[in-house]
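Visitor: Could you walk me through this model? I'd like to know what lies behind each label you use.

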Amino acid sequence: MANTNKPIGFRPVKHLNGSSFNGQGNMYFVAAGEANNIAIGDLVKLSGTADANGVAGVTRISAAGDVYLGAVIGFKPYPSDLTKNYRPASTAYYVYVADSPDVVYEVQANAVVNIADVGLNLDPTVTAATVTGNTAVSNMQLDGATKAVTATLGFKLVGMAQREDNDITSTNAKWLVIPNRHQNANAVVGIA
């Protein structure tokens, strides 16, 4: 059975210790200078700035080699338009991020990834979100062509999403990954 091509970015599903992901994250500021739309499931990194109240700033990742903070899981309501479920480009906004380095994410792979690949590292694709009206959907996926033992790749493949509609022998399969390069992990260079 072929998988449906429906990327949704990086969706937190649990923690490495097996406990469920409870939907909690931390609030970060996205400055108006960020020129990309940001959707739930998009990966972000620290920007090296903060708002006037000291809330740390983030920006959408710009390249597969970036060191990540986590995935966006929600937004602070925007007073002038409560119907938006994404951060519009060039708009100052607050986002909630699953920023713990032990979060396990479910993500779609853009190419066939095999069971024998579990334990390898892969990078994400850095693709713009699809915006329709007041809704945006993340198009970030695992880049199946990057699978390798290379330590600088962004995510480690830890298993497949256990669902009847997930054919792991086909393109667009859903996989479970953990951050391999995370800004809240030990011995990571600071952001200037």
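Guide: Gladly! Two strands pair when DSSP finds at least two bridges between them, and strands themselves are DSSP runs (E, at least two residues; helices are H or I, at least four), numbered from the N terminus. The model is predicted, with local features needing pLDDT of at least 70 and side-chain atom pairs pLDDT 80 or more, while totals for chains, interfaces and linings use all residues. Residues are numbered from 1 along each chain as its sequence is written, and side-chain values use heavy atoms, leaving out hydrogens and water.

Visitor: What makes β3 and β4 a pair, and which residue stands opposite L46?

Guide: Strand β3 (residues 43–50) and β4 are joined by four bridges. Pairing asks for at least two, so they qualify. The two strands run antiparallel, and V58 in β4 stands opposite L46. Together β3 and β4 form a hairpin with five residues between them. In that turn, G54 has a positive phi of about 85 degrees.

Visitor: Why is strand β4 described as largely enclosed?

Guide: Buried means under 20% relative accessible area, exposed means over 50%, and partly exposed is in between (1.4 Å probe, protein chains only). In β4 (residues 56–60), four of the five residues are buried, so the rest of the structure largely encloses this strand.

Visitor: Why are β1 and β8 called edge strands?

Guide: Picture an open sheet of five strands in the order β1-β7-β12-β11-β8, with antiparallel pairing. β1 and β8 (121–122) each have a single partner strand, so one side of each has no neighbour in the sheet. Further in, β7 is joined to strand β12 (residues 174–179) by four antiparallel bridges. One residue to look for there is E106, whose bridge partner in β12 is L176.

Visitor: Why is N139 called buried?

Guide: N139 sits in the loop between β10 and β11 (155–160). Its relative accessibility is 17%, which is under the 20% limit, so N139 counts as buried.

Visitor: What makes the link between N139 and T130 a polar contact?

Guide: A polar contact is a pair of N or O atoms within 3.5 Å; within protein, one must be able to donate a hydrogen and the other to accept it, and residues adjacent in sequence count only if both atoms are side-chain atoms. The side chains of N139 and T130 are joined at 2.7 Å, so the distance fits that limit. A polar atom of the N139 side chain also lies 2.9 Å from the backbone oxygen of A128.

Visitor: What else does N139 touch?

Guide: Contact means heavy atoms within 4.5 Å. Leaving aside neighbours within four places in sequence, the contacts of N139 include P7, D42 and T127.

Visitor: Why do P7 and T127 get different labels for accessibility?

Guide: P7, in the segment before β1, has 12% relative accessibility and counts as buried. T127, in the loop between β8 and β9 (130–132), has 34%, so it falls between the two limits and counts as partly exposed. Not counting residues up to four places away in sequence, T127 touches R60, N139 and M140.

Visitor: What makes a space a cavity, and how many are there?

Guide: On a 1 Å grid over the protein atoms alone, a cavity is a set of points where a 1.4 Å probe fits but cannot get out; a pocket is an open set with protein on both sides within 12 Å along at least five of seven lines, and lining residues have an atom within 4 Å of a point. The count comes to one cavity of 30 Å³ or more. The largest cavity has a volume of about 40 Å³, and strand β7 (residues 103–108) gives the most to its lining, with three residues. P7 and E106 are among the lining residues of this cavity.

Visitor: What about the largest pocket: how much space lies in it?

Guide: About 190 Å³, where volume is the space filled by probe spheres set on grid points joined across faces, edges and corners. Its lining includes E106 and K174.
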